[in-house]
Amino acid sequence: MYTIYLSRIKQEDCVVGIMNFGKERCFTLELPDFGNKRSVSCIPEGKYRCHKITSPSLGYCIEILDVLDREYIRIHKGNYTSQIQGCILVGESLADINSDFIIDVANSKSAFDRLMAATPDLFNLVIS
């Protein structure tokens, strides 16, 4: 099965990473690690099944399945940690766009479109 890889760096106010998919890559942004608490934490390291869906609130996105004690975890477009409830945002670069001293991802739509074009409907995600 097709697999994408996410290598992360945990910080006090967020988690940033590099997601590799085929010959492509993008940056990621997640909430800080608060022990896998719903809506306020990044998800634990591990291997997860993913599939593309259409969410009522987010539109076309990727759902991450089998996250222990969690549901509705998505990979979607967005720039700021304030736009995350336990999900993963993707972007072309890292920058403090809104000047709040927390790293953001820039050009999210472009990175998301590349990710969606490069991945099949069902794939694995390995997070380290």
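## Strand β6 and its surroundings

Strands β5 and β6 run antiparallel and are joined by three bridges; strands here are DSSP E runs of at least two residues, helices are H or I runs of at least four, and both are numbered from the N terminus. Two strands count as paired if DSSP finds at least two bridges between them. This is a predicted model, in which local features need pLDDT of at least 70 and side-chain atom pairs count only at pLDDT 80 or more, while totals for chains, interfaces and linings use all residues. Residues are numbered from 1 along each chain as its sequence is written, and side-chain values use heavy atoms, with hydrogens and water left out.

Here are the strand pairings to look for.

| Strands | Direction | Bridges | Residues opposite each other |
|---|---|---|---|
| β4 and β5 | antiparallel | six bridges | Ile53 and Cys61 |
| β5 and β6 | antiparallel | three bridges | Glu63 and Arg74 |
| β6 and β7 | parallel | two bridges | His76 and Leu89 |

In addition, β4 leads into β5 by a hairpin of three residues.

Now, what covers the two faces of β6? Ile73 and Ile75 on one side, and Arg74 and His76 on the other, are all buried (under 20% relative accessible area, with exposed over 50% and partly exposed in between, using a 1.4 Å probe and protein chains only).

Follow Ile75 inward and you meet Met19, Cys61, Ile62, Ile64, Ile88, Val90, Phe112, Leu115 and Leu125, leaving aside residues up to four places away in sequence; contact means heavy atoms within 4.5 Å. Ile75 is also among the residues with the most contacts inside the largest nonpolar core, which has 24 residues. Such a core is a set of buried Ala, Val, Leu, Ile, Met, Phe, Trp, Tyr and Cys residues joined through side-chain atoms within 4.5 Å. Elements supplying at least two residues each include β1 (3-10), β6 (73-76) and β10 (122-127), and α1 gives the most, with four residues. A second, separate core has eight residues, including Cys14, Leu29, Leu31 and Ile84.

Strand β6 also has a part in the largest pocket, giving three residues, the largest share of its lining. The lining has 15 residues, and Ser39, Glu71, Tyr72, Gln85 and Cys87 lie nearest the pocket's centre. By class, the lining residues are five nonpolar, six polar and four charged. The space in this pocket is about 260 Å³. On a 1 Å grid over the protein atoms alone, a pocket is an open set of points with protein on both sides within 12 Å along at least five of seven lines, and lining residues have an atom within 4 Å of a point.

Terms used:
On a 1 Å grid over the protein atoms alone, a cavity is a set of points where a 1.4 Å probe fits but cannot get out, and a pocket is an open set with protein on both sides within 12 Å along at least five of seven lines; lining residues have an atom within 4 Å of a point. Grid points are joined across faces, edges and corners, and a volume is the space filled by probe spheres set on the points. Ala, Val, Leu, Ile, Met, Phe, Trp, Tyr, Cys and Pro count as nonpolar, Asp, Glu, Lys and Arg as charged, and the others, Gly among them, as polar.
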